[in-house]
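Me: I have a model open and would like to talk through the labels used for it. Could you take them one at a time?

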Amino acid sequence: MTGAVYFSQIEYREVIGDGNRSSIMLLNIPERELSYQVYDWKRQMPAIEGVQTEQWGEHTWTHSVAIPAKRIRNEKTGFETQMIKDEQYEAETAFSHAIRLTDEEMEVFLPYCNALDFEPYRNREMKMDEEGYIGYRDEVHLYFKAITDSYIPLLELPMDYYYDDEHIWPSERLYRYLVKTYFEGNKKLLGWGPTYGSLSLFF
């Protein structure tokens with residue numbers, strides 16, 4: 001393709017529901033690799049357990065508490081073990097899969113990865129009243145991020161809404177192609193891989 005500037009890396013990050021599960025689809029074009037990982041976000045198990053009493057005016061309430069915490073011991077604690085409240089979530093890899101792409105496969109989908117086709121959408125917002133709008137993602141948040149090895153800066157695009165084929169954004173067109181070509185129907189990804197449209201499309 002004459003005048004094309006291809007992305008070097010493309011990332012689709014999906015967050016499901018309340019955010020306790022997320023996934024990343026990463027297309028590494030120079031390495032010819034498409035990878036997919038699913039993460040579970042978990043807090044530390046409660047480490048501080050006991051009974052807490054609260055006084056409100058003339059009334060007293062007593063209830064059990066279980067607070068996530070870490071045990072630390074260092075020079076700041078005088079090398080004495082202390083419990084510190086910890087509200088942070090840590091990612092655990094629940095599933096991982098990678099695909100090595102052939103020359104023939106690269107030739108087919110490279111036209112979907114021309115960064116110049118994406119530039120008109122930079123800083124553009126998706127709107128329901130736009131021509132071609134057909135629905136929105138529900139309970140699923142999808143984010144697009146891509147970079148080239150050229151002068152074009154990092155590009156991030158929203159992926160909240162679906163549009164018909166005449167008005168589809170290039171980020172959505174590429175995502176649909178990857179999911180339908182490499183994920184749907186793949187027995188290795190049964191129960192883990194993304195599916196396109198039907199589970200998240202609302203009108």
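Me: What makes helix 3 count as mostly covered?

Reply: Happy to help! Of the 14 residues in helix 3, 10 are buried, where buried means under 20% relative accessible area, exposed over 50% and partly exposed in between (1.4 Å probe, protein chains only). Among the buried ones are L174, Y175, L178 and F183. Helices (H or I, at least four residues) and strands (E, at least two) are DSSP runs numbered from the N terminus. A word on the source: this is a predicted model, where local features need pLDDT of at least 70, side-chain atom pairs count only at pLDDT 80 or more, and totals for chains, interfaces and linings use all residues. Residues are numbered from 1 along each chain as its sequence is written, and side-chain values use heavy atoms, with hydrogens and water left out.

Me: How do you know that the span of helix 3 agrees with its number of residues?

Reply: The expected span is 1.5 Å times one less than the number of residues. For residues 170-183 that gives 20 Å, and the end C-alpha atoms lie 19 Å apart, so the two agree.

Me: Why is the pair K180 and E184 called a salt bridge?

Reply: A salt bridge needs a side-chain nitrogen of Lys or Arg within 4 Å of a carboxyl oxygen of Asp or Glu. The closest N and O atoms of K180 and E184 are 3.3 Å apart, so the pair qualifies.

Me: Why is K180 called partly exposed?

Reply: Its relative accessible area is 45%, between the two cut-offs, so K180 is partly exposed.
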